[in-house]
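Open your viewer and get ready to make a few selections. We will go stop by stop, and at each one I will tell you what to pick next.

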There are 2 protein chains.
Amino acid sequence: MENVQEIVFDKLSEKDIKPSFHRIKVLEYLMVNKNHPTVEQIYSSLKKLFPTLSKATIYNSLNLFVEKGLVQPITIEETELRYDSTVESHGHFKCDCCGLIYDFDIDVDSVAFSGLDNFIINNKEVYFRGTCRKCASVNQ
Amino acid sequence: MENVQEIVFDKLSEKDIKPSFHRIKVLEYLMVNKNHPTVEQIYSSLKKLFPTLSKATIYNSLNLFVEKGLVQPITIEETELRYDSTVESHGHFKCDCCGLIYDFDIDVDSVAFSGLDNFIINNKEVYFRGTCRKCASVNQ
DNA sequence: TATAAATTTATAATGATTATAAATAAAAAT
DNA sequence: ATTTTTATTTATAATCATTATAAATTTATA
């Protein structure tokens, strides 16, 4: 098993982000917790480790990460943004029952579409919604 | 050309929504203005017609429409929800330059994906982002 | 070590949405 | 037709995520 701290450090340096203590911890949290955490979740978890932490620092760090393309914000019918440290193309499934958001594999580039001639497409996202396996098996 | 009022009236009745004056006007606005308006846009436009209008009425109506499946809320990296009276499957393209959201045709059901075995999928949405034709031609 | 720059903190401000209760309008009952 | 009940709309306060701002702290540089 590789050292997460080290990977985080390299990722930040790669994108010319000064690897401050807090930034390392925020990105580390995102890479360890792949469950699309909210700002609140990140904040309350890290605050246990260093109680002087300010929520503004979480926002500062995340906004910087998004700006540099290290992290992508995802929104599915929520006002509360969630963040994903995986920027490679994949789909997001939101369970209406438990609220969890799952990643799934999808080849977005293979989808046929029309009506966007001369448009410049920088980003493609796919959102599915419904009931996840776990909830479906429990509430039947 | 058919009477929009009549279509709106029928759509509401179909979904067992009592067709009050305000509800008719809100849905009519959505059907005439297919540019994914925000609550603020709907509100300020209708307020010109009847100045006693309250913004809570817009929220009440829209939430009811969404609940009944008459309208779908769409969110692309925004905290401000936008609404679309077209519930048939199609993609949304958001222009990072002018902020407009365009519909485009896409056959979501033809996309191959994996990792959602035993999941119940109720809804599929595709979001593209980039620069629209108009902005691309102006800023070159 | 002193100075400058960057980062973090604390707090206030903003803005979208929801909650609540009063006011009004519509429907039903007598 | 009038009262009673129910539904809808209004006005306003509350909530909550996010951003802005400035002071405090830390880090880097001279």
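Which residue of E5(B) is the bridge partner of A:Asp105? Before you click, keep in mind that you are looking at a predicted model. Now select A:Asp105 and look across to E5(B): the partner is B:Ser114.

**Stop 1: where the strands cross from chain to chain**

Stay with that pair and widen the selection to strand E4 of chain A, residues 101-106. Two bridges join E4(A) to E5(B), and the two strands run antiparallel. Next, pick A:Ile106, which stands opposite B:Phe113 in E5(B).

Then move to the counterpart with the chain letters exchanged. E5(A) and E4(B) also pair in the antiparallel sense, over two bridges. Select A:Ser114 and you will find its bridge partner in E4(B), B:Asp105.

**Stop 2: inside each chain**

Select strand E3 of chain A, residues 91-95, together with E4(A). These strands pair in the antiparallel sense over four bridges. Two pairs are good to label here. A:Gly91 has A:Phe104 as its bridge partner in E4(A), and A:Lys94 stands opposite A:Ile101.

Now switch to chain B and select strand E3, residues 91-95. Four bridges join E3(B) to E4(B), again antiparallel. For a label on this side, choose B:His92, whose bridge partner in E4(B) is B:Asp103.

**Stop 3: the whole sheet**

Show the strands of both chains as a cartoon and trace them in order. What you follow is an open sheet of eight strands, E5(A)-E4(B)-E3(B)-E6(B)-E6(A)-E3(A)-E4(A)-E5(B), with mixed pairing. Color the two ends: the edge strands are E5 of chain A (113-114) and E5 of chain B, each pairing on one side only.

**Stop 4: the interface**

Select the residues of chain B that touch chain A. You should have 35 residues of chain B in contact with 35 residues of chain A. The two chains bury about 3200 Å² between them, 59% of it on carbon and sulfur atoms. In chain B, show B:Phe119, B:Phe128 and B:Arg133 as sticks: they lose the most area to chain A, together 18% of what that side buries.

Which elements of chain B each supply at least two residues of this side? Highlight strand E4 (101-106), strand E5 (113-114), strand E6 (120-131) and helix H5 (133-138). E6(B) gives the largest share, 12 residues. If you color this side by class, you get 18 nonpolar, eight polar and nine charged residues.

Try listing the polar interactions across the interface too. There are six residue pairs in polar contact between chain B and chain A, with both residues at pLDDT 80 or more. The count of salt bridges between these chains is zero.

**Stop 5: a salt bridge**

Over all chains, the count comes to six salt bridges. To view one of them, select A:Lys25 and A:Glu28, whose closest N and O atoms are 3.5 Å apart. Both residues lie in helix H2 of chain A (residues 21-32), three residues apart, about one turn of the helix.

**Stop 6: superpose the copies**

Finally, fit chain B onto chain A. A rotation of 179° with 0.0 Å of shift along its axis superposes them, with an RMSD of 0.1 Å. Why look at the rotation and the shift together? That is the relation of a two-fold axis. With the copies overlaid, return to your interface selection: 100% of the contact residues of chain B recur in chain A, so the same surface serves both copies.

Technical notes: Residues are numbered from 1 along each chain as its sequence is written. Chains are lettered from A and ligands numbered from 1 in the order in which they are written. This is a predicted model: local features need pLDDT of at least 70, side-chain atom pairs count only at pLDDT 80 or more; totals for chains, interfaces and linings use all residues. Side-chain values use heavy atoms; hydrogens and water are left out. Contact means heavy atoms within 4.5 Å. Buried area is the accessible area (1.4 Å probe) that two parts lose on being put together, summed over both. A salt bridge is a side-chain nitrogen of Lys or Arg within 4 Å of a carboxyl oxygen of Asp or Glu. A polar contact is a pair of N or O atoms within 3.5 Å; within protein, one must be able to donate a hydrogen and the other to accept it, and residues adjacent in sequence count only if both atoms are side-chain atoms. Ala, Val, Leu, Ile, Met, Phe, Trp, Tyr, Cys and Pro count as nonpolar, Asp, Glu, Lys and Arg as charged, and the others, Gly among them, as polar. Two strands pair if DSSP finds at least two bridges between them. Copies are superposed by least squares on the C-alpha atoms of residues with pLDDT of at least 70 in both.
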